[in-house]
Amino acid sequence: MRAGFTMILDAQPDIEVVAAVADGAAAVQEARRLRPDVCLLDIRMPKLDGLEVTRLLAGPGVPDPMRVVIVTTFDLDEYVYGALRAGACGFLLKDSGPALLVEAVRAAAAGDALVSPSVTVRLLAHLSHPVAPRTVNEALTERELDVVRLVARGRTNQEVAADLFVSLSTVKTHLSSIFAKLGARNRVEIAAWAWESGVMA
């Protein structure tokens, strides 16, 4: 699997694989040494699993967090959820195909998260529990809640703008405010908050 991913990614003109390692401890060591734009991690690895590696590289309290994308199978959705809460900026399924793998890496490198809408909705809806939701620093406006609901369904900024009949810059302004009010670092955390807090009910 690792060799296959390396071959797919290295074939892209704008992507270079700088390391491919066999276990979680080596992943942490090489990531800290090389500081890659994106770390692509399996949820199950020897020595340290994907959850622990994600916490070490991108978790709360990490001074200069890296961008982590988790690779998993849907049966491990609870582990994926834990990884997203630990700081991962996206995930994809092992059988998603080469195009989605490349797209996920590019999205993470650009500071965004690729989360397949169908998987996001199934995963976050399945795992939503209205317990200990993320603290909201200030109340979200109705329009900000509209944006949050669409983000939680996996919509892009362009799709949110089209759905709400507003400009792209207006969507970005709303997102900046939402990030600040929720203390969220990426769209995945916004989506997780939306499902946890009952906004999607």
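Reader: Before we look at this predicted model, what does buried mean for a residue like C89?

Author: Happy to start there! Buried means under 20% relative accessible area. In this predicted model, C89 has 7% relative accessibility, so it counts as buried. C39 belongs to that class too, because its relative accessibility is 6%.

Reader: How many disulfides does a search of the whole structure find?

Author: The general idea is a distance test: a disulfide needs a pair of cysteine sulfur atoms within 2.5 Å. Here the search finds zero.

Reader: Why is C39 without a bond to the closest cysteine sulfur?

Author: That closest sulfur belongs to C89 and lies 9.4 Å from the sulfur of C39, which is too far for a bond. Seen from the other side, C89 is in no disulfide, and its nearest cysteine sulfur is that of C39.

Reader: Which residues lie nearest the centre of the largest pocket?

Author: C39 returns here, together with V17, A19, V38 and L40. The lining has 33 residues in total, around a space of about 860 Å³. Two or more lining residues come from each of α1 (2-10), α2 (24-34), β1 (39-42) and α5 (98-109). As for classes, 23 of the lining residues are nonpolar, nine are charged and one is polar.

Reader: And how many residues of helix α10 are buried?

Author: Ten of the ten, across residues 187-196, so the helix is largely enclosed by the rest of the structure. Among them are the tryptophans W193 and W195, along with R187, E189 and E196. Just after α10, look for G198, which has a positive phi of about 85°.

Methods:
Residues numbered from 1 in each chain as written. Predicted model: local features only at pLDDT ≥ 70, side-chain atom pairs only at ≥ 80, totals over all residues. Heavy atoms only, no water. Buried < 20%, exposed > 50% of the residue type's maximum accessible area, 1.4 Å probe, protein only. 1 Å grid on protein atoms, 1.4 Å probe; cavity = no way out; pocket = protein on both sides within 12 Å on 5 of 7 lines; lining within 4 Å. Points joined across faces, edges and corners; volume = space filled by probe spheres on them. Helix = DSSP H or I, 4+ residues; strand = E, 2+ residues; numbered from the N terminus. Nonpolar A, V, L, I, M, F, W, Y, C, P; charged D, E, K, R; others polar.
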